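Here are my notes on the structure you sent over. Please read them with the model open beside you.

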Amino acid sequence: MLDLVPEPVAPLTPARSTVPIADGAPGGRARGSLRTAPVARAVQVRPVPIDGGGPVPLSFSTSTRGARGKPPRHFVDLTPEQRVEAVVELGEKPFRAKQLATHYFAHLTADAAEMTDLPQATRDRLVGALFPDLLTAARTLTADAGATVKTLWHLFDGAKVESVLMRYPNRTTLCVSSQAGCGMACPFCATGQLGLTRNLSTAEIVEQVRSAARSLADGDLPGGPARLSNLVFMGMGEPLANYRAVMESVRRLVAPAPDGFGMSARNITVSTVGLVPAMDRLAREGIPVTLALSLHAPDDELRSELVPVNTRWSVDEALDSARNYFEVTGRRVSIEYALIKDMNDHAWRADLLGTKLNARGRGWVHVNPIPLNPTPGSIWTASDPAVERVFVDRLRAHGIPTTVRDTRGSDIDGACGQLAAEEE
Ligand code: SF4
C-alpha cells in the first residue's frame with residue numbers, strides 16, 4: 001500500500017460523471033467545447049479502454065497483477081554501512097565496499113571484468129552476490145537524429161518499464177520510471193490504462209540512471225561523451241506513490257561519490273498528480289528537488305475526470321500544498337498542464353488557473369503547458385497550435401511565467417507507457 005496516505009484511504013473510485021460535448025465523429029469520439037456546446041448528448045470523458053472493459057480503477061495497491069516477488073537485493077539498495085556489513089558477510093575486507101561503490105557510482109559499472117583493482121575471485125564473488133541483473137534492455141528506439149533514446153526494460157519478474165534519455169545543446173535529461181504501470185488511472189495516459197503492476201525498488205530506479213549515465217559517458221549519443229545533468233521522475237508511475245524507494249534513489253543520485261552520483265538536487269524533478277500528504281512530506285525532506293505538480297485542469301469537475309486522484313485531494317488542496325513546498329524549500333514549483341484538444345485548453349481555464357496561482361502569491365510557480373503526446377487508439381489528442389498560443393498568452397497576461405515543453409520522441413511512442421502497452 002501507499003505508505004504515506006495517512007488515514008485508511010477512502011474508497012477511491014474515480015468519478016464517473018459525464019460532461020456534455022458537441023456532437024461530432026461517430027463512435028463516441030466526438031470533440032467539442034465542454035462549455036459552449038449545446039447539450040447534444042452526454043459522453044463520458046473517460047474513453048472506453050482498448051480492451052473494451054470498464055474504466056481503469058484508481059489503485060494504490062501494488063498487488064494488482066498477481067503475486068510478484070521482491071527484486072533481489074542489490075548493492076544500491078543498501079546504505080553505506082549495510083554495504084560494509086554485506087561484504088564482510090561474504091568474507092571480504094570492509095574496504096571492498098568502498099571499492100565497489102566507486103566502480104558503481106563513479107565508473108558507472110557493475111561489470112566484474114572492469115573491476116581490475118580487485119582480485120578476480122573477490123570481484124566475481126562480490127558482484128555475483130551484490131549486483132544481480134535487474135534490468136534487461138528489451139527494445140531501444142531513437143529519435144531526433146539519435147539525441148533521444150527510449151529504452152523498454154524487462155525487470156527480473158517480467159514487469160516492463162521505460163526510460164527516455166534526451167540530449168540537448170546545454171544539458172542531458174533522463175526520464176525514469178518509478179513504478180511498473182501506474183495506479184492513478186489518468187484516462188489520457190497509456191501507462192494509466194495498464195494499471196499498477198508493482199513499485200520499483202531503489203536499485204531498479206537507480207539502475208536506469210547508471211545505464212543512461214554510462215551510455216552518455218561512452219559517447220553513445222551524438223555529440224561525444226557527456227555527463228548526465230538532469231533527471232525527471234516523469235516516466236511510468238506516480239513517484240510519490242512509491243515514496244520510500246523514490247527518496248532513497250534521490251539520496252543515491254545526490255550523494256557525492258563514491259556513495260552516489262553527485263548530481264545537483266536542483267536538477268532533479270519529482271512529479272506528482274497531487275498526493276498531498278506525500279508532497280508535504282517531501283517538503284520536509286531537506287533535499288531541494290524541483291516539484292512538478294501535474295494539474296491538467298484548474299477546476300475540480302474536469303480534473304476529477306482527467307486525474308482521478310483529484311476526488312481525494314482537490315485542485316485547491318494540491319495547489320496549497322505546492323505553495324507550501326515553495327515556502328519550505330524556496331524552490332519554484334512547476335505546474336504541468338497537458339493541453340488536450342477541446343478538453344482542457346479553453347481560454348477561460350487559463351484565466352482560472354492564473355487566478356488560482358496568483359491568489360497564492362507571486363513568483364512561486366511557473367507553468368509548463370505540454371502538447372499531449374497522443375496514445376494510439378485514444379480520443380485524446382494535442383490542442384491546435386493556435387489554441388495553445390491563446391492559452392499561453394492568457395497565462396502570461398496574468399503574470400505567470402509559462403514555457404511550452406517540447407515533446408521529444410513523439411515519433412517513437414514518446415508518451416510514457418506506450419512501448420510497454422504494446423507488449424501487453
Ligand atoms: S499520467 Fe502519470 S500519474 Fe497519470 S496514469 Fe499516467 S503515469 Fe500515472
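The points below go from the whole chain to the sheet, then to single residues and the ligand.

1. **Status and overall make-up.** This is a predicted model. The protein chain has 12 helices and 13 strands. Of its 424 residues, 47% are buried. Take the contacts in the protein chain with a separation of 6 or more: 68% of them link residues 24 or more positions apart.

2. **The sheet.** Nine strands form an open sheet with mixed pairing. Reading across, the order is β3-β4-β5-β6-β9-β10-β11-β12-β13. The edges are β3 (135–143) and β13 (365–371), each of which pairs on one side only. From one strand to the next, the twist averages 20 degrees. As background, strands of a sheet pair through backbone hydrogen bonds, in a parallel or antiparallel sense.

3. **Strand β11.** How many of the five residues of β11 are buried? Four are, so strand β11 (residues 290–294) is largely enclosed by the rest of the structure. On one side β11 runs parallel to β10 (residues 268–272), and four bridges join the two strands. Thr272 sits opposite Leu293 of β11 in this pairing. To get from β10 to β11, the chain passes through helix α7 (residues 276–283). That β-α-β crossover is right-handed.

4. **From β11 to β12.** Strand β12 (residues 333–339) also runs parallel to β11, with three bridges between them. Ser294 has Glu336 in β12 as its bridge partner. Burial is high here too: six of the seven residues of β12 are buried, so this strand is largely enclosed by the rest of the structure.

5. **From β12 to β13.** These two strands pair in the parallel sense over seven bridges. Two places to check are Ser334, whose bridge partner in β13 is His366, and Leu339, which stands opposite Pro371 in β13. Helix α11 (residues 385–397) packs on the sheet and touches both β12 and β13. The direction of α11 makes about 175 degrees with that of β13. A second helix belongs in this picture: β12, helix α10 (residues 347–358) and β13 make a right-handed β-α-β unit.

6. **Ser334 in detail.** This residue lies in strand β12. Is Ser334 buried or exposed? Ser334 has 23 other C-beta atoms within 10 Å, so it is buried; the cut-off for that class is 20 or more. Leaving aside residues up to four places away in sequence, Ser334 touches Thr290, Ala292, His366 and Asn368. Val270 is 64 residues from Ser334 in sequence, and their C-alpha atoms are 10.0 Å apart.

7. **Ala159.** Look at the loop between β4 (148–155) and β5 (160–167), where Ala159 is placed. Why does Ala159 count as buried? Because it has 20 C-beta neighbours inside 10 Å, and the class starts at 20. Gly181 is 22 residues away from Ala159 in sequence and 8.6 Å away in space, C-alpha to C-alpha.

8. **Backbone points to check.** Three places deserve a look. Ala257 and Pro258 are joined by a cis peptide bond, with omega about 10 degrees. Pro258 is in the loop between α6 (243–254) and β10. Asp144 has a positive phi, near 50 degrees, in a residue other than glycine. Asp144 belongs to the loop between β3 and β4. With 18 other C-beta atoms within 10 Å, Asp144 is partly exposed. Ala185 also has a positive phi, near 60 degrees, and is likewise a residue other than glycine. The loop that holds Ala185 runs between β7 (179–181) and α4 (190–194). Ala185 is buried, with 24 other C-beta atoms within 10 Å.

9. **The ligand shell.** Which of the 12 residues around the ligand come nearest? They are Cys182, Met184, Cys186, Cys189 and Gly192. By class, the shell has eight nonpolar residues, three polar and one charged.

Definitions and conventions:
Residues are numbered from 1 along each chain as its sequence is written. This is a predicted model: local features need pLDDT of at least 70, side-chain atom pairs count only at pLDDT 80 or more; totals for chains, interfaces and linings use all residues. A residue is buried if 20 or more other C-beta atoms lie within 10 Å of its own, exposed if 12 or fewer, and partly exposed in between; C-beta atoms are placed from the backbone. Two strands pair if DSSP finds at least two bridges between them. A crossover is right-handed if, with the strands pointing away from the viewer, the path from the first strand over the helix to the second runs clockwise. Axes are lines fitted to C-alpha atoms, for helices over the stretch in contact, and angles run from 0 to 180 degrees between N-to-C directions. Two residues are in contact if their C-beta atoms, placed from the backbone, lie within 7 Å. A residue is near a molecule or strand if its C-beta atom, placed from the backbone, lies within 6 Å of it. Ala, Val, Leu, Ile, Met, Phe, Trp, Tyr, Cys and Pro count as nonpolar, Asp, Glu, Lys and Arg as charged, and the others, Gly among them, as polar.
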